[in-house]
Amino acid sequence: MNNTLIRNCIENNTTKIPIWLMRQAGRYLPEFRSIRKKNEDFIKLCLNKKLSSEITLQPLDRFNFDAAILFSDILLVPYALGQKVKFMKNYGPELGKLDINILNNISKQEFISTLNPVYESLKLVEKKLSKKNKDIIGFVGAPWTLLVYMLNRKSPKENNFNSIPKNKEVNILLEKVIEFLKIHIDAQIKNGATIIQIFDSWAGLLEEDDLEYFVYNPTQKLTNFIKEKSSTSICFPRNIKNYRKYVEKTKTDIISIDYNVDPNVIKHEIEIPIQGGLDPKILLEESKIVKKGVLKYLDAFKNNRYIFNLGHGVLPKTNPETVKYMVELVKDYK
Ligand code: CP3
């Protein structure tokens, strides 16, 4: 098998810049919307191996992306741990009450059996991916971000989030989540994922003093585990203030940055490969502005190992033609 572009980038074997996008399979694609319309239950759709593998490959049929990211969701883990998860239109996810007794009684076997369609879908993606030199990205939510959803039961907004205490119950829950995330990561690697991205979407909610307990330490357990499995980790700690410290503490292989990070500052601070950054809102603008935005990142990271991506997921209003234009800009650079 040939090396993938991302592997070459990590090993510093190439000047070619790999590209893929967070939420590259999603509502900005009409072919996704047409499947979604007929499948109202989002969790069920994620657990339909035929459709989820098809959706995973949709963006690769259109664009010259270097990786597929599995069509799934970070909230399938709370779901498989016995918590109800619903996605409501224009509201986001809503979770049922967390029942520690149910959670404590779920065995590894039951958990794997609930999520088995996810692993079957990965196998299908691997089989159907005609170009073998592409990565398949599996993922998990970071322990902290999952804790936020499991306890807050919806996406946190300024006025609806109560901080989570560092008490015995929370500690037990945190350890449980880590244990099952390892199982989920392991199964994704065994079934075809070549990279695991850890999404810590709510890392930015924490004060510096709480990062060690909720973010650095739990995340390092996962990056370590990924290393033990000879796979590669990407971490995306959205809105965190000190990326350099995060990288030192978690020892991730690749760091994904959000759009508040100045590329011309971070490139001097971090030695590992950097991913992402561009504000997804830029893709709603005219081509001149898109070009300026894309070149800002390409120029800044000219002498770094860099994987092109956004600073958060593609927005549903994005025109697929703009995505195509952006991919061409990246592929034609230099
Ligand atoms: O990136 C990809 O293309 C892979 C699939 C993927 C989805 N969610 C599909 C999805 C991935 C990697 C995720 C991760 C995820 N899910 C995160 C971390 C990244 C981030 O956004 O910060 C989080 C916090 C979630 C939880 C979640 N799932 C929310 C808050 C929402 C609703 C808001 C929204 O954008 O719709 C979802 C739903 C979801 N997950 C959709 C998709 C394609 C939209 C569902 C729909 O069609 O209605």
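## Worked exercises: charges and contacts

Lysine 190 pairs with aspartate 186 in a salt bridge, with 2.7 Å between the closest N and O atoms; the term covers a side-chain nitrogen of Lys or Arg within 4 Å of a carboxyl oxygen of Asp or Glu. Before we dig in: this is a predicted model, where local features need pLDDT of at least 70, side-chain atom pairs count only at pLDDT 80 or more, and totals for chains, interfaces and linings use all residues. Residues are numbered from 1 along each chain as its sequence is written, and side-chain values use heavy atoms, leaving out hydrogens and water.

**Exercise 1.** Work out where lysine 190 and aspartate 186 lie, and say whether each is buried or exposed.

*Step 1.* Both lie in helix 9 (residues 168–190), four residues apart, about one turn of the helix. Helices here are DSSP runs (H or I, at least four residues) and strands are too (E, at least two), numbered from the N terminus.

*Step 2.* Lysine 190 has a relative accessible area of 63%, so it is exposed. Aspartate 186 sits at 15%, so it counts as buried. The cut-offs: buried is under 20% relative accessible area, exposed is over 50%, and partly exposed is in between (1.4 Å probe, protein chains only).

**Exercise 2.** Find which helices the salt bridge between lysine 245 and glutamate 208 ties together.

*Step 1.* The side chains of lysine 245 and glutamate 208 meet at 3.0 Å, N to O.

*Step 2.* Lysine 245 lies in helix 11 (residues 243–250) and glutamate 208 in helix 10 (residues 208–228), so the pair links parts 37 residues apart in sequence.

*Step 3.* Check the accessibility: lysine 245 is partly exposed at 30%, and glutamate 208 is partly exposed at 37%.

*Step 4.* Now look for shared partners: Asp186, Lys190 and Lys229 are joined into one network by salt bridges. The full count comes to 13 salt bridges.

**Exercise 3.** Identify the side chains that make polar contacts with the side chain of glutamine 275.

*Step 1.* Place the residue: glutamine 275 is in strand 8 (residues 274–276). At 0% relative accessibility, it counts as buried.

*Step 2.* List the partners: the side chain of tryptophan 20 at 3.0 Å, and that of glutamine 197 at 3.1 Å. A polar contact is a pair of N or O atoms within 3.5 Å; within protein, one must be able to donate a hydrogen and the other to accept it, and residues adjacent in sequence count only if both atoms are side-chain atoms.
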